[in-house]
Structure formats: structure tokens, C-alpha cells
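Some labels in a structure deserve a reason. Let us ask for a few of them.

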Amino acid sequence: MIQFILGIIILIAGYFLYGKVVDKHFGADDSRETPSTRLKDGVDFMPMSWPRIFLIQLLNIAGLGPIFGAIQGALFGPAAFLWIAFGCIFAGGVHDYFSGMLSLRHDGQSISEIVGIYLGEGARKVMRVFSVILLILVGTVFMTGPANLLTNLKLFGLGSFNIWLIIVLVYYFLATILPIDKLIGKLYSIFGLSLLVMAFGIGGKLVIDGYQVPAFTLTNLHPAGLPIWAILFTTIACGAISGFHATQSPMMARCMTKESYGRRIFYGSMIAEGIIAMIWAAAGMAFFNGIPGLQDALTNGGGAAGVVNTISKGLLGSIGGVLAMLGVVACPITSGDTAFRSARLTIADAIKYEQGPIKNRLILAIPLLGVGFGLTRIDFNIIWRYFAWSNQTLAMIVLWAAAAYLVKNGKSHWITSIPATFMSAVSATYILQAPEGFKLSTTISYPVGAAVAIGALVYFIFKVNGKKTINA
């Protein structure tokens, strides 16, 4: 378990050390008035305390990714720990911090508008479509996922997937249209408690009971022989870096009262999500006595949802297992509701459509939820695979936008352009080699992916880096 414990220590140290570096480089300034007070509307712009915002942000971003994705990523062995730890610190935390702080500096605008400001009108138009599609996919995945989990739990005696799906859909509808402090702001304290019980319960029992993970090695342990590069980096997305987070950060930027809270809220919530991913990756490797046992459980034990249920009850008993499962359920539900809410705000920002009147919110929310419900009829695994690639591609674009912001404000861009280059290689390589992509061999996908990444960096340096400095 030493790899697991070291991973947790590295993540916490990363928050206190590298998180401060990122915050200082950006230059948080508490003398600036925030959108929550200047544009307060009682619906989306609403001042809140930073601990409350942190909890909402964590629950917004911690969907099924750091649980299901971490379990699937555990098939690659302890190499997953390296990606979770260093991905969170040097890529995911940076991505989440800049997406939130840039929105804060631009009146809480959606990420598509932020990208347009720094990468141009063409990028803005692409991002508007891209981010809305991603948000609907996320909402669909996180509608289906918790419905499956609740069906397995048979909570309140209900074992029907369709009934749970309707219940989740009704909750999403209310969370999408009501003022942020009426439902999300109130229920998230309950969801947060469930999340903490799950994380500390599972992680604590792994250590106390002396479970062991496979010996550390960089050898690919995946039973199906899938390549670590770049499959691992898209399988474990939300637990290391996720473009979806950039769609959530602007909602919290509209509620912040000080810029100095940014590191705690945005960078801190990414580190917290990394800890959740570390726990479930360790649980997947250790509980089934190694990678072959985990593969068998995934194949014959009801997939990732079945694995989560088995681990929760096996480590914490029937009652503790149910409590842990409720924490697992809270993760996707609290991401799915804000995915549709964020989609509403993204469209509203794009067409300059006032969201104060309830009628205007309904006009956007009803079609969005209708499309999401329709997509639940499609195979969950297909939706998840396309979400994985589009998710990391969005993260790449946001990091390049953050790099452009730094350049235009006379600051070094490497803190964002290095992870942007890395994620460019990940996204390009994955879509070239993936079954849902071009299905090319690694001998082709690897060099082409590297060339795309290097080309993106060269283009950035010679085009964006040469533009006139502006203030923002």
C-alpha cells in the first residue's frame, strides 16, 4: 500500500507547494470586485462563502470519472497512481484554476466565451458547439450511471432502472432551472457528507485491513494489452485532468466574493478529486487480489457499477456499504445536474439570452433535458468512449487559451503551455488509435500524435506569443 499512501501525500503536498506557484503566477487580486456582487441576480450570480463553493465545485466535478474511470484505469497497474498524482498537480489543477479564474475576470462567462476572447472568434464558435455537446453527453452519462447504481442498491425497495431514471431526470430538471442556492446550495451538504463517508471509509479500510496493490512497475499490466499511451490518460480523466471541469468552474466564479479563494476552490477541488481517484484505483487493484481478479470482476460482476457495489459492501459491510454507495451515487448526480445547468448558461451566454425570468430558463432547459433523456436509450459504453476523448480535447483547448492569456498579459506561458502540449499529444494519439476513432497502429498513432503536439506548440509560440500584450 506504500504506493497508494505516497500518492495521497504527493497530492496534498502539490496543493500547498505547486498550487501556490500557480496562484502567484496568475496574480489573484482581492481589490477587484467580483461578478457575484456586481452582477447579482438571485439566480446564477449569488455570493457564497468559499467553503460552500468548494463543496459545490468538488461535487460538480467529481462525477463517475474518478470512480469508474479510476477502476478501469487500475487495469494498467500502479502506473495509474503516477498519472493521477502528477496529472492532478501539473495539469488538472492548473486547468481548473485558470478556467475558474479567467471566468471570474470576465464576469463569470462560460468557457466557450473565454476561449473566444483568447483564441479568436473561430475558436469561440467551435467551443460553443463542442462544450454544449460535451455537457449533454456528461449529463446523459451521469443520468444513466446513478440510475444503474440505485437500481443495484434497490433503495426504498425500488429495483427498476426506468423508475430511477425518471426520478434522476426530475431532479436534474429542478436543479437546472431553480436559483443556485435553492436546491443545489442546500442538498450539496448532504451529498458532501455521503462523499466523505465513501472516500474515508474505503481508503481507511484498505490501509487498516492491510490490502496490497501490485508491486510498482512501469510494465503494462492490462489484461487486454491496451497501450498505456494514450489509453490510460483518457481512461482516468476526471481523476487527473478533465475538460468538463472547465464548464463547471464559471458557475462557481459567479458566486465567489474574493479572488484569493481561487486556489482553495478550483485547484483544491481538483486535488480532492485526485484523492478520490487514488482511493478507487487502489481499491480496484487490491480488493480482487491483483489485475486479473479485477478484470474478471469487471467482465463477470456487473461492470464498474457491480465492482463498486462489491468493494463497498466487502470493505464496509451491508450498512457501511450502502452508505459508501450513496457517496458514489452523489458524485455523478451532483455532476449531471450542473452539466445541464451549465449547458443552459453556455447557450444563454452565446445568444445573450437573459436567464432571470423562469420562462427563459424553461425554454432552454426542456429541450436540453429532452435530448439527454433520448440519449439514455443508446449503449452507455459507446457514449462513455466518446465522452472520454472529447473531454480531454476540451481540456487541451482550455489550457492553450490560458497560455494565450498569460502571453497577452506579459507573463511566462510555460506553466500552461507544457500541459497543453502534453494533452494535445494525448488527444491526437487517442483518436488515431482508439476503436471509436481511426483504429491505427501505435507505430503510426504515436509519431503522428507527437507531431501534432509539437506543431501546436510551435504554432502557439510563433502566432499567439507574438501578439500585442493586453490587460485582462
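What follows is a short round of questions and answers on this predicted model.

Q: Why does histidine 95 count as buried or exposed?
A: Its relative accessibility is 1%. Buried means under 20%. Histidine 95 therefore counts as buried.

Q: Where is histidine 95, and with which residues is it in contact?
A: Histidine 95 lies in helix H5. Leaving aside neighbours within four places in sequence, its contacts are Ile241, Ser242, Gly243, His245, Ala246, Ala395, Val398 and Leu399.

Q: What makes phenylalanine 216 partly exposed?
A: Its relative accessibility is 45%. Buried means under 20% and exposed means over 50%, with partly exposed in between. So phenylalanine 216 counts as partly exposed. This residue sits in the loop between helix H9 (184-208) and helix H10 (228-235).

Q: Which nonpolar patch does Phe216 help to form?
A: Phe216 is part of a surface patch with Ile2, Ile5, Leu6, Ile9, Ile10, Leu82, Phe86, Phe90, Val207 and Leu218. Together they have about 970 Å² of accessible area.

Q: Which helix supplies the largest share of the nonpolar patch?
A: H1 does, with five residues. Helix H1 (2-26) and helix H5 (79-105) each supply at least two.

Q: Why are H3 and H14 called roughly perpendicular?
A: The axes of helix H3 (residues 50-61) and helix H14 (residues 303-351) cross at roughly 95° and come within 6 Å. Angles of 65 to 115 degrees count as roughly perpendicular. H3 and H14 therefore earn that label. Leu59, Asn60 and Ile61 of H3 make the contact with Cys331, Thr334, Ser335 and Thr338 of H14.

Notes
Residues numbered from 1 in each chain as written. Predicted model: local features only at pLDDT ≥ 70, side-chain atom pairs only at ≥ 80, totals over all residues. Heavy atoms only, no water. Patch = residues over 30% accessible without salt bridge, like charges linked within 9 Å, V, L, I, M, F, W, Y side chains within 5 Å. Areas by Shrake-Rupley, 256 points an atom, 1.4 Å probe, with all protein chains shown as cover. Salt bridge = Lys/Arg side-chain N within 4 Å of Asp/Glu carboxyl O. Helix = DSSP H or I, 4+ residues; strand = E, 2+ residues; numbered from the N terminus. Buried < 20%, exposed > 50% of the residue type's maximum accessible area, 1.4 Å probe, protein only. Axes fitted to C-alpha atoms, helices over the stretch in contact; angles between N-to-C directions. Parallel < 35°, antiparallel > 145°, perpendicular 65-115°, else oblique. Contact = heavy atoms within 4.5 Å.
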